[in-house]
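Biologist: I should like to learn how to read the features of a structural model, one at a time. May we begin with the aromatic residues?

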Amino acid sequence: MEPIPQGKPAEKQPVFFGKFSGNLEEVVCPICQAPPPPVVLYNKKEGGIKFLSCPGCSLHYASPRFDEPSLLQIYENESFTDFSRYQTWSYQQWAQSRNRSFIVSQLKSRLVLSYTGAGGKVLDVGCATGEFCLEASKQGLACEGIDISKKMSDIARQTLGVPANCLDIADFNPPYLFDALVLWDVLEHVYDPTLILKHCHRLLKKGGHLFAQVPNVDGISNRFKDLRCRLGLSHKDYAHFGFPYHLYFFGKESLGKLLAKADLQAVHFESWSHNYKNGKDAFPLKQINRLVNKACISDYIIVVGQK
Ligand SMILES: [Zn+2]
């Protein structure tokens, strides 16, 4: 494996950024590595953080950003999920809620199933509390998960009853290969997305598929928020980027090039809305949703890659 291509520490003293603090590091585009100088999209008011666009692949990224130990500490101090709901969690209750998590798990399972067929062997990389794994198995896929969070993988295994392990993909060496790997909302968080995809490639059967979902830099709503911030019309200070948790903002071009670096060919793209609660999409007309999703200009983008 290649070493992580990320850069040198820019500051020795911890830098404060809102409620977060840590050491900063300057980075270059992880897809192009020696790209032409990036375009500055936005200077964050605090901490000297900049949001840049790579002319080589259109990836948006933050630099300087918190280095990996600092960000891990920030994750450690945060509570993203209200774990108390898992004390009384049941599949039936979840399915009846028709909330976004249930609806998108159903849609994603159907998407994966359309490529692998019933019985397809699937690995959920970054499975969190295991909802996708569970829904995927209800729909006839043989799905297992890995996650670097012990707490989440414990809930997945003990409460949802799915085969999940607390593991880094770099340490995962099963005696079999997978028909499909899924990375739902993972790539925008990881320090070296190319390295993660190379591990995914290693775990995929020849001809197998990789599915990744990330926030879509080309989404209409994201472009609008971006423009408002750049024109000084928004008080949100580039909050839609999701910094410090999100390190990258991908679109169709950057995802295609990222997959190519790991010898995966992008064979399909589509775009999904934030607004899937109760099965409803962003626009009232099905035809409009279909067009927006097909044109990849909704809130999230999904890429399907093939080995
Ligand atoms: Zn680039």
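Modeller: We may, bearing in mind that this is a predicted model. Let us begin with F178, which is buried because its relative accessible area is 0%. The ring of F178 forms an edge-to-face pair with that of Y176, at 5.5 Å centre to centre and 75° between the planes. Y176 counts as partly exposed, because its relative accessibility is 31%.

Biologist: How many aromatic pairs does the structure hold?

Modeller: The structure holds 19 aromatic pairs. One of them joins F132 and W184: the ring centres are 5.5 Å apart and the planes stand at 75°, so the pair is edge-to-face. The angle decides the class, because planes over 60 degrees apart count as edge-to-face.

Biologist: Which parts of the chain does the pair of F132 and W184 link?

Modeller: F132 belongs to helix α4 (residues 131-138) and W184 to strand β11 (residues 178-184), so the pair links distant parts of the chain, 52 residues apart. F132 is buried, with a relative accessible area of 6%, and W184 is buried as well, at 8%. Beyond pairs, rings may also be grouped into clusters: Y42, F51, F66, Y238, F241, F243 and F249 form one aromatic cluster.

Biologist: Let us turn to the metal. Which residues are the protein donors of the zinc ion?

Modeller: To read a metal site, one identifies the donor atoms, then their angles, then their places in the chain. Here the donors are the SG atoms of C29, C32, C54 and C57, which lie 2.3 to 2.4 Å from the zinc ion. The angles among the four donor atoms are 99 to 118°, and the site is tetrahedral. The spacing of the donor residues in sequence is C-x2-C-x21-C-x2-C.

Biologist: Which parts of the chain does the pair of C32 and C54 tie together?

Modeller: C32 is in the loop between β3 (24-25) and β4 (39-43), whereas C54 is in the loop between β5 (50-53) and β6 (60-63), so the pair ties together parts that are 22 residues apart in sequence. As for accessibility, C32 counts as partly exposed at 28%. C54 is buried, with a relative accessible area of 2%, and C57 is buried at 0%.

Biologist: How many disulfides does the structure hold?

Modeller: It holds zero disulfides. The test is the distance between cysteine sulfur atoms. For C127, the closest cysteine sulfur is that of C133, at 5.1 Å, which is too far for a bond. C127 is itself buried, with a relative accessible area of 6%.

Biologist: How should I read a serine side chain? Is S271 buried or exposed?

Modeller: One considers its element, its accessibility and its polar partners together. S271 is in strand β14 (residues 265-272) and counts as buried, because its relative accessibility is 0%. A polar atom of the S271 side chain lies 2.8 Å from the backbone oxygen of Y300. Leaving out residues up to four places away in sequence, S271 touches N216, V292, N293, C296, I297, S298, D299, Y300 and I301.

Biologist: And in helices, where is the place of S153, and where does S114 lie?

Modeller: S153 has its place in helix α5 (residues 150-158), and S114 lies in helix α3 (residues 100-116). S153 counts as buried at 0% relative accessibility, whereas S114 counts as exposed at 56%. In each case a backbone oxygen is the partner of a polar side-chain atom: that of K150 lies 3.2 Å from S153, and that of L111 lies 2.6 Å from S114. Not counting neighbours within four places in sequence, S153 is in contact with A128, D147, A164, N165 and C166.

Biologist: Finally, the backbone. Which residues does a cis peptide bond join?

Modeller: The angle to read is omega. A cis peptide bond joins S63 and P64, with omega about -5°, and another joins F243 and P244, with omega about 10°. P64 is in the loop between β6 and β7 (65-66); P244 is in the loop between α7 (220-230) and β13 (248-249).

Biologist: Which residue in the loop between β5 and β6 has a positive phi?

Modeller: That residue is S58, whose phi is near 70°, a positive value in a residue other than glycine. S58 is partly exposed, with a relative accessible area of 29%. R98, in the loop between α2 (91-97) and α3, also has a positive phi, of about 50°, although it is not a glycine. R98 is partly exposed, at 35%.

Key. Residues are numbered from 1 along each chain as its sequence is written. This is a predicted model: local features need pLDDT of at least 70, side-chain atom pairs count only at pLDDT 80 or more; totals for chains, interfaces and linings use all residues. Side-chain values use heavy atoms; hydrogens and water are left out. Helices (H or I, at least four residues) and strands (E, at least two) are DSSP runs, numbered from the N terminus. Buried means under 20% relative accessible area, exposed over 50%, partly exposed in between (1.4 Å probe, protein chains only). A polar contact is a pair of N or O atoms within 3.5 Å; within protein, one must be able to donate a hydrogen and the other to accept it, and residues adjacent in sequence count only if both atoms are side-chain atoms. Donors are N, O and S atoms within 2.8 Å of the metal (3.2 Å for Na, K and Ca); water is not among the atoms, so sites may look incomplete. Four donors count as tetrahedral if all angles lie between 85 and 135 degrees; four count as square planar and six as octahedral if opposite donors are over 155 degrees apart and all others between 65 and 115; anything else is irregular. Contact means heavy atoms within 4.5 Å. A disulfide is a pair of cysteine sulfur atoms within 2.5 Å. Rings of Phe, Tyr and Trp (its six-membered ring) pair if their centres lie within 6.5 Å; planes under 30 degrees apart count as stacked, over 60 as edge-to-face and the rest as tilted.
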